[in-house]
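Please look at how the two chains meet in the structure shown here. The report then describes their contact, beginning with the whole and moving to single elements.

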Amino acid sequence: MANNSDQQLLKKQASFIQHSLPGLEAGTYQVEVQQILKHSDGTDITGEGLPSLTRKFSVAGARYTLDRNAIHSVFPPAGAVGEFSNSLAHVVLNAEKLPWLRSPYIPKNRPEPKVLTYETTINGKSVTVDYDQDIPSWLSVMLLSPSDLDGANLLNVVKQGTVQNLVPATMQIKNGNSALLAGTMPANGYSIFSYLLDDNNTAPVDPGAGFTPATVVKYIDVPFTLFNAIAPSMADLSMMAHVRAVEMANKPIAHGQTVNPVEQYSLVIGNRLPESQPTVVPGAPTAVPPLGSNLALLISLESMELALRNHSGTTFYDTNIANQPDGFVRLPVLHQWSFTSLQNTGFAFETMLKSLNGRKADANNTVTVPNPQLRVPDPPVYNQPTQEQTVVQKMLASGYYPMNHLARIPDAEGKPIQTLSWYRGPLVPDGAYTPAIAFLADDNVPAIYAADQLLRFDPEVGMYDVAYALAWELGRLLALQNKDFSVALFQWKKKVAQQYRMLLDADVLDNMFADLLQVYNEDTSIQSDPLVLQKMALSHLQKIASAL
Amino acid sequence: MINPLSALSQSAIPPDLVAWLAQFKNLQGVPFNYLVTDERLLPPETIRFFQVDATWSDALVDGAMSIGRQYTTATQPSPDLMAEQAHRISMDKLVNTTQANIRRLQFKGAVPADVSAATVITGFLLRSVAVSSWPGMEVAGYAKNASPYDNEKGIITPDQIQALDILRLENLSSTVLIGLFNGPLYELVLHQPPEAIHFGFTAIDPVNNSVSKSLRVPAPGWDDAISYKEDKNVSFDAFTDATHRVLDLQKMSQLMGQTFHKMGIAPGYFPQQQAMLSSDFGLQMVQGVGLVSFINDVAGESI
């Protein structure tokens, strides 16, 4: 239960939004344009209009597969082992309009988007407020465990095939412009295309804009008894997706990436609680396979209205699939992950962070985090340290780390010398000593020309501190590696050197020929006659030469 | 009479050079094994706090600037060194200001602020499965006497709480998170991302076909600011198939709506017959927000 002071820790707003409807839903569209020319008095001179022009275009959208980048995160996290018995699995998608891009209704039953109203009073005045009716999403999260599938291995349950595998064998699918292929799904299966069989519609099926019958699809065959039990109803599907808007100011951002200050994500939740392994009672028989492993699937329920739970009437699904002993439902799987649910609260966000650095998660708040600084953890402690041991202790406490060092200088036999040196990165423990190194000499002239100038030697232990030499060399190498920077830097230095030379020339001219230039600038008759100027310059130079 | 050196220092410094050096100061592009030398310094499931060694990053910048620098024994420095001689001091100032604005400018529509990097830059490294499980984890850092912990102890008032500017917050790999703050870090707050807070219940009871939840009750009237308070646990019959643990979300939504309607909350918004909107349902279903804060109380020990 949060108390008042906890509210100050991080005040951020998250908005829950009902839905984010796409401007154009995925599908094929046809535009027909016709022009009618009228005389200025209104009479039509084209006679029923010019011939109309028809153009078709398609809006593509994810249908059978989902790009990996579209998934922002999942819960429970993939591969997690923890206590998830009372939470619903969900998927957070980067594409905020994806859950409403298609519909679980069959195309002819799609309801018109309704705007509802309610009456209320604001500031004492009666107000009528409009709001949208919920629109069901075509995505859903389905949970499966081995016990649902008679102990089947969850790794083998999702199969890979093509769009052709989703088409019933009695129907055909368009392939390109003219060819037709027969579907390959057996007669006791029901898929996203089977709704056409309710009307005995035998027209060829269109795989969708941007897809062919050979498009790779991952699918799962769910027995009809299981599907009847765990599928959501249409009303459930209107609750199972919404949009969240979150502020991005405190989140990690990759280098070079730009984000909006507020980003919107869509969420799809499941309707089934995970199977959880109960507390182990010693002596009681354990189930085989052990309970608790769950496979979560993001499935497509497009046009499945006639097979969902609580569907109205008796449909093809009821008469042909649900009364066969081996009837199944074939669903495209857009994303899958698995997790295990046990009576182990280790996988909660707070528990994981409280148990960092080997700290006990349930310890009192006053118990400190062991080894919080970035240095060698648990360094050796000597009872009565010698001088060298004291130095070693202090260096380790300052964040230094001993590393093998192969020197460039060979020994007497010509082999390179192998020694041990201290290195420390830029991240040092709080309060550690950092030397002040002057990189600029008098008059701001750069002082360091080689990394070796920054080597520091400790005579007490006879070891080098190579931290700053390595940093300098790394900077040099990184700059050389980046051609944009190194060329730009070199051009700039050259340009400034040239400018300096020009300024110096002008300065010298100013100093040596000051009076001559003054006469030149003042007497206009000399400016027009170069010979006179030449004579004057010569005589001036002779004067300077004789003075030297 | 013109002094070439002072004339040169008036000319402009190319801004992309400054931008590149500012990235260096944020340790961008430094290979990971230069930051963390050995696995023992950052084993799995650890958090480490540090400050950035300003001399180290100065050495990095000086090394980068050293291309084309030629050593000469002459008393007069060669013209090649003029660029650095005339511009190094002002360049360092520009780099400091740019460094403090790199992250700010990663948000679309932001304008650079007039801040510069502090003398002490501190931060943390987190290596944990939590980083890969909650990718958008939120981080905030506070200095001493401006942190919520000080507010909790009664030292300061809530309006004196001031978060430190984040200079860099990035996933170095799927399990390693680095954060750099513009100032001395006293309190670090790690927060579960709001877009991934999970949905669940306080308790489930499939045997009796009920779940219980503590509901977030919205403010009584529309005139009040939006606020929610958690109410006592309410139990619902919510399973449509208890053996398969399948919930009837529509029914739950209706029951929640009816509960609010009976309470007289937000009059007119919860019509008794219909279910709640998906966004309101999502808000009620959200369960548990994790937040952990670390206090860095080094107490000024010097090593």
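What follows is an account of the contact between chain A and chain B, read from a predicted model.

In this model, 127 residues of chain B are in contact with 127 residues of chain A. On the side of chain B that touches chain A, helix α4(B) gives the most, with eleven residues. The classes of residue on that side of chain B, and those in the contact of α6(A) with α4(B), are set out below.

| Residues counted | Nonpolar | Polar | Charged |
|---|---|---|---|
| Side of chain B that touches chain A | 70 residues | 35 residues | 22 residues |
| Contact of α6(A) with α4(B) | twelve residues | three residues | three residues |

Helix α4 of chain B, residues 54-65, packs against helix α6 of chain A, residues 467-481, at an angle of about 40°, and the two axes are 7 Å apart. Because angles under 35 degrees count as roughly parallel and those from 65 to 115 as roughly perpendicular, α6(A) is described as oblique to α4(B). The crossing of these two helices is right-handed. From α6(A), the residues that make the contact include Tyr468(A), Trp472(A), Leu474(A), Arg476(A) and Leu478(A), while those from α4(B) include Trp56(B), Leu60(B), Val61(B) and Asp62(B).

The chains are also joined through strands. Strand β6 of chain A, residues 87-88, runs antiparallel to strand β7 of chain B, residues 199-200, and two bridges join them. Within this pairing, Ser87(A) has Gly200(B) of β7(B) as its bridge partner.

Methods
Residues numbered from 1 in each chain as written. Chains lettered and ligands numbered in written order. Predicted model: local features only at pLDDT ≥ 70, side-chain atom pairs only at ≥ 80, totals over all residues. Axes fitted to C-alpha atoms, helices over the stretch in contact; angles between N-to-C directions. Helix = DSSP H or I, 4+ residues; strand = E, 2+ residues; numbered from the N terminus. Parallel < 35°, antiparallel > 145°, perpendicular 65-115°, else oblique. Left-handed = near helix turned anticlockwise from the far one by under 90°. Contact = placed C-beta atoms within 7 Å. Nonpolar A, V, L, I, M, F, W, Y, C, P; charged D, E, K, R; others polar. Pairing = 2+ DSSP bridges.
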